[in-house]
2 protein chains.
Amino acid sequence: MDKINVGLLGFGTIGTGVVEVFQKNGDLLQERLGLPLELVRIADLDITTDRGVTVDPGLLSTDADALLEDPSIQVVIELIGGYEPARTFVLKAISQGKHVVTANKALLAKHGDEIFAAAESAGVNVMFEAAVGGGIPIISAIKENLCANRFHSLFGILNGTCNYILTRMADDGDDFETVLKDAQEKGYAEADPTFDVEGIDTAHKLALLCGLCFGTSVDFDSIYTEGISKVTALDIQFADAFGYKLKLLAIGKMDNGEIEARVHPTMIPESYPLADIDGVFNAVRLVGDFVGPVLLSGHGAGSEATASAVMGDVVSVARDLVTGCSPHSPAMACPRSVVRDLSIKPMSDIVSSYYLRFFVNDQPGVLGTITGILGKYQISIESMMQPHRHEAEAVPIVLMTHEANESNIQAALTEIDRQDVIQGESLFIRIENRLD
Amino acid sequence: MDKINVGLLGFGTIGTGVVEVFQKNGDLLQERLGLPLELVRIADLDITTDRGVTVDPGLLSTDADALLEDPSIQVVIELIGGYEPARTFVLKAISQGKHVVTANKALLAKHGDEIFAAAESAGVNVMFEAAVGGGIPIISAIKENLCANRFHSLFGILNGTCNYILTRMADDGDDFETVLKDAQEKGYAEADPTFDVEGIDTAHKLALLCGLCFGTSVDFDSIYTEGISKVTALDIQFADAFGYKLKLLAIGKMDNGEIEARVHPTMIPESYPLADIDGVFNAVRLVGDFVGPVLLSGHGAGSEATASAVMGDVVSVARDLVTGCSPHSPAMACPRSVVRDLSIKPMSDIVSSYYLRFFVNDQPGVLGTITGILGKYQISIESMMQPHRHEAEAVPIVLMTHEANESNIQAALTEIDRQDVIQGESLFIRIENRLD
């Protein structure tokens with residue numbers, strides 16, 4: 001072997017970053033590998049838009065199949081995103097004996113079982129560091145150096161758009177819609193932000209992390225997913241007053257052979273390790289039985305950071321090719337024959353502390369009504385705040401509970417919302433007091 | 001191959017942790033590898049002390065050579081520490097065609113060139129994740145997923161003993177000697193703490209990180225190394241008043257083909273990512289040209305976290321053996337043929353901001369004398385504080401400078417210390433305002 005040929009499917013933002021790594025750091029990669037790594041084909045439906053990088057026009061084509069059928073290409077980078085045609089292309093690359101590097105969390109969260117099985121049969125790599133946490137080397141950390149651990153839990157801030165919006169809401173006191181609009185104008189949020197702000201993107205990433213950490217296949221549709229669109233600036237201010245920060249957390253836990261896998265706005269104490277991960281930064285905190293807590297943080301998105309992750313995977317595949325071994329590590333950290341099929345605990349069974357916010361008529365006895373119902377459901381209160389009193393208007397009451405069962409919380413809130421003194425629907429936000 | 005046999009040299013604290021990983025997570029490792037990983041021999045001069053783990057007495061021996069010559073052993077874990085006999089044993093393991101996993105930063109910082117050359121010739125791995133940052137997967141991150149980056153800089157808090165002492169000094173206001181004594185009683189500091197508190201252990205780790213990040217061999221003796229024993233609680237309080245925290249930082253920078261590699265007490269703004277790494281935690285912040293800043297933190301020492309790192313390396317070696325490839329990655333991230341020999345910039349050439357602390361006679365004109373001399377050496381002042389005025393006693397004056405050349409600072413302080421109004425020797429601490 002005198003060089004390694006790479007084909008790129010998808011010449012968008014990250015694809016452009018990948019081209020830049022080849023151009024700026026190709027010499028470095030060659031030194032590290034001992035032979036050249038060459039980008040020989042790029043396929044995209046749009047090959048005319050100026051991406052700000054100069055590419056030999058001969059590399060560009062709209063024909064993905066020609067790239068996938070090119071026998072000289074050993075590694076295919078898939079940066080198309082979405083389910084189709086990405087799934088078809090990835091499976092075709094595998095069937096052609098090519099190694100695949102992808103940033104496509106949606107694809108792997110939904111069709112990972114099919115793709116990883118095909119790759120294992122074909123003896124090729126499917127690597128996906130860029131799918132979670134942008135440039136943060138979290139996937140390889142779990143698969144490689146932390147692999148002697150049984151993981152208890154993982155906590156991730158995995159969506160830069162949400163984290164940017166929540167940070168701005170906290171800093172400026174603006175409401176969700178206002179900040180979202182600004183984020184869209186700045187290019188930090190998509191025109192249709194649903195995947196990001198409703199937590200779906202985070203849930204895709206959590207599915208992959210849970211699979212890796214807990215050695216299980218994860219049914220993506222079983223992951224409880226709640227986004228940030230109902231969070232108000234008022235809740236963030238209350239959180240602050242209680243010493244908490246509000247983050248969209250991906251939470252994975254292993255509990256007696258059952259896993260928790262959930263994505264929702266979460267309050268964490270302001271002194272906790274993830275509390276100061278602000279703006280577009282991402283971070284993951286893992287807790288393993290030997291390593292204890294480990295935190296990795298960095299740029300969770302962006303062309304350059306994500307390209308770093310993609311190219312790290314390409315080098316890993318190239319090292320497999322250079323050293324002549326079959327895939328050095330299984331795609332999901334263990335061979336598919338030992339992948340478990342653990343079920344995800346229903347949300348009604350989880351135990352958490354809760355932030356509860358009500359709008360009530362400002363009249364005597366209201367608090368007694370609320371606490372009476374909470375008591376009936378074995379929910380005990382840690383602290384209470386009733387900060388803004390405006391005569392004749394609805395006033396907020398905020399309670400922080402001790403640990404309670406989610407089904408009890410739901411039942412209690414349903415009953416409380418039926419009371420005449422309660423205005424509108426109450427809101428609850430889960431609290432993580434122990435990141436272990 | 002139906003199993004992989006491992007030999008352990010050194011049955012101390014970390015060795016005990018390694019035995020525990022084999023015992024508690026052996027099934028997990030077997031699942032991930034597809035075959036058993038077995039600890040078949042343990043050699044230590046002391047095989048009678050109870051380590052709190054039950055080991056088959058047949059595994060234990062005082063004869064390291066018998067272990068090194070056992071043809072059934074494919075992987076040797078070296079946890080003896082220090083230069084000799086560790087060096088001899090590691091070289092012998094390599095010459096026997098065995099892969100080596102070690103936590104020995106002192107050995108590799110001093111004799112790495114010899115050991116890595118021998119390993120490359122023999123086609124075996126020398127892996128050392130546990131040598132830097134305890135359980136934090138920093139070495140593998142640099143070698144593997146971040147390897148497409150050119151690194152600009154690295155900043156590390158790499159010694160738990162120093163960080164614990166500085167954290168306690170900051171929290172309790174106690175002086176170095178008091179906290180050190182307490183740390184020794186608690187087992188957080190050695191009876192002879194020189195290697196830790198004088199920065200030597202940190203410098204060993206920095207040598208390895210600089211080699212990996214900048215693709216160069218590093219002359220350990222050229223690393224400027226200054227420990228924390230001269231830091232006073234007063235300086236930490238002043239730092240706090242200026243909005244800074246004091247840490248023992250390992251600093252590596254690439255600057256026009258010359259590297260900076262230095263270890264010294266450093267003030268960093270309290271909002272900076274490393275500022276809240278407290279107690280026995282370690283952290284490393286790297287800045288790469290594509291990935292941008294990445295931070296990894298976790299337990300920097302301790303039996304279990306370090307054993308996690310050791311066993312992660314053992315699994316990596318085992319995967320090489322299972323997949324039948326020669327070492328998957330070069331020990332220092334690139335083949336030895338392309339390792340550079342960059343020189344370390346002399347300290348007199350570095351540019352930094354500085355914290356300067358003088359004790360002076362409390363009389364008019366003193367500040368003018370000091371600032372006059374600083375001005376003569378092109379050192380400009382950002383802020384000044386003269387907090388405690390006690391009649392007839394020496395009073396402290398503290399200055400924070402803008403960026404200045406270290407040789408100018410040294411010359412100015414020499415001249416200032418000669419003035420009659422100055423009592424004792426002045427002190428300076430470098431400031432990092434930009435962790436990029």
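In this predicted model, Ser153(A) finds its bridge partner in strand β9 of chain A, where it is matched with Lys253(A). This pair belongs to the link between β7(A) and β9(A), the latter spanning residues 244-255; the two strands pair in the antiparallel sense, with 4 bridges between them. Strand β7(A) also pairs with β11(A), which covers residues 281-288, and here 6 bridges join the strands, again running antiparallel. In that pairing, Phe151(A) has Gly288(A) as its bridge partner.

How many residues of β7(A) are buried? The strand comprises residues 151-157, and 6 of these 7 residues are buried, so β7(A) counts as mostly covered when a residue is called buried if 20 or more other C-beta atoms lie within 10 Å of its own. For readers new to strands, it helps to recall that side chains in a regular strand alternate between the two faces of the sheet.

Attention now turns to a helix in chain B. Helix α7(B) runs from residue 176 to 186, and its buried residues are Phe176(B), Val179(B), Leu180(B) and Ala183(B). These residues line one face of the helix, because they fall within an arc of 105 degrees when α7(B) is viewed down its axis. Among the elements covering them are α6 (160-172) and α8 (194-197), both of chain B. And what does the face turned away from the buried side of α7(B) carry? There sit the exposed residues Glu177(B), Lys181(B) and Glu185(B). Just after the helix comes Gly187(B), whose phi is positive, at about 85 degrees.

Note on methods:
Residues are numbered from 1 along each chain as its sequence is written. Chains are lettered from A and ligands numbered from 1 in the order in which they are written. This is a predicted model: local features need pLDDT of at least 70, side-chain atom pairs count only at pLDDT 80 or more; totals for chains, interfaces and linings use all residues. A residue is buried if 20 or more other C-beta atoms lie within 10 Å of its own, exposed if 12 or fewer, and partly exposed in between; C-beta atoms are placed from the backbone. Two strands pair if DSSP finds at least two bridges between them. The arc is that of the directions from the helix axis to the C-beta atoms. Two residues are in contact if their C-beta atoms, placed from the backbone, lie within 7 Å.
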